[in-house]
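Welcome, and thanks for taking a look. Here is a short briefing to help you find your way around.

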Amino acid sequence: MNRQINRNQQPEENTRVRLPQKNANEILGTVDSLLGANKLRVRCMDGVVRLTRIPGKFKKRMWIREGDIILIVPWSFQNEKADIIWKYTPPQANWLERKGIFKL
């Protein structure tokens, strides 16, 4: 029995991964726990555990679970709190870990 190999298969999709910008005070972190009411506890790469919130424009568009890798911006007047600005997909998170950008 001859099997045909599908030669039209596309290789992995090349997508750009958004990296944290130091001048914009962006930090990578992992979601530790969901607290309810759009609040999360996040363990950041700088060693601080922050209380974060999902801004209104992301509430229904971005579903976040424990263990997800996210990008946050700490508040300028209260460093223990932050806003979430980006959530990485699993392939993007794997890429960050392979390149050594994210290590926790």
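Strands here are DSSP runs of E with at least two residues, numbered from the N terminus. With that in hand, T52 can be placed in strand 3, which covers residues 49–53. Please keep in mind that this is a predicted model. The chain has five strands and one helix, and from the N terminus on they follow the order β-β-β-β-β-α.

**The chain as a whole**

- Of the chain's 104 residues, 31% count as buried.
- The chain exposes about 8000 Å², and carbon and sulfur atoms supply 47% of that area.
- Take the contacts between residues at least 6 apart in sequence: 51% of them join residues at least 24 apart.

**How the first strands pair**

- Strand 1 and strand 2 run antiparallel and are joined by six bridges.
- One of the pairings here is that of G36 with K39, its bridge partner in strand 2.
- The hairpin of strand 1 and strand 2 has two residues between the strands, and A37 takes a positive phi near 55° there.
- Strand 2 also pairs with strand 3, again in the antiparallel sense, over five bridges.
- Across that pairing, R41 stands opposite L51 in strand 3.
- Four residues lie between the strands in the hairpin of strand 2 and strand 3, where G47 has a positive phi near 90°.
- Strand 2 shows two faces: L40, V42 and C44 make up the covered one, while K39, R41 and R43 make up the uncovered one.

**The nonpolar cores**

- As general background, nonpolar side chains in soluble globular proteins tend to be buried together.
- The largest nonpolar core here has 13 residues, and L40, I54, I64, I70, I72 and I84 are the members that touch the most others.
- Strand 1 (27–36), strand 2 (39–44), strand 4 (69–74) and strand 5 (81–87) each supply at least two residues of this core.
- Strand 2 gives the most to this core, namely three residues.
- Another core lies apart from this one; it has eight residues, including V17, L28, I69 and Y88.
- For a closer view of the largest core, try I64: leaving aside neighbours within four places in sequence, I64 is in contact with V31, L34, L40, I54, I70, I84 and K87.

**A look at T52**

- T52 has a relative accessibility of 1%, so this residue counts as buried, the cut-off being under 20%.
- Which residues is T52 in contact with, leaving aside its neighbours within four places in sequence? They are N38, K39, L40, V42, I72, A82 and I84.

**The helix**

- Helix 1 spans residues 90–99, and Q92, A93 and L96 are buried in it.
- Seen down the axis of helix 1, its buried residues fall within an arc of 100°, so they line one face of the helix.
- A general point fits here: an α-helix has 3.6 residues a turn, so residues three or four places apart point the same way.
- On the other side of helix 1, P90, P91 and R98 are exposed.
- What do the buried residues of helix 1 pack against? Their partners are strand 1, strand 4 and strand 5.
- Just after helix 1 comes G100, with a positive phi of about 85°.

**Salt bridges**

- The structure holds five salt bridges, and three pairs are described below.
- R18 and E26 form a salt bridge whose closest N and O atoms are 3.3 Å apart. R18 is partly exposed at 30% relative accessibility, whereas E26 is buried, with a relative accessible area of 7%.
- R53 and D83 meet through their side chains in a salt bridge of 2.8 Å, N to O. This pair links distant parts of the chain, with D83 in strand 5 and R53 in strand 3, 30 residues apart. D83 counts as buried at 18% relative accessibility, and R53 counts as partly exposed at 33%.
- The side chains of K87 and D68 also meet in a salt bridge, at 3.7 Å from N to O. D68 lies in the loop between strand 3 and strand 4 while K87 is in strand 5, so the pair ties together parts that are 19 residues apart in sequence. D68 is buried at 14% relative accessibility, and K87 is partly exposed at 25%.

Notes. Residues are numbered from 1 along each chain as its sequence is written. This is a predicted model: local features need pLDDT of at least 70, side-chain atom pairs count only at pLDDT 80 or more; totals for chains, interfaces and linings use all residues. Side-chain values use heavy atoms; hydrogens and water are left out. A nonpolar core is a set of buried Ala, Val, Leu, Ile, Met, Phe, Trp, Tyr and Cys residues joined through side-chain atoms within 4.5 Å. Buried means under 20% relative accessible area, exposed over 50%, partly exposed in between (1.4 Å probe, protein chains only). Contact means heavy atoms within 4.5 Å. The arc is that of the directions from the helix axis to the C-beta atoms. Accessible areas come from the Shrake-Rupley method with a 1.4 Å probe; for residues, only the protein chains shown count as cover. A salt bridge is a side-chain nitrogen of Lys or Arg within 4 Å of a carboxyl oxygen of Asp or Glu. Two strands pair if DSSP finds at least two bridges between them.
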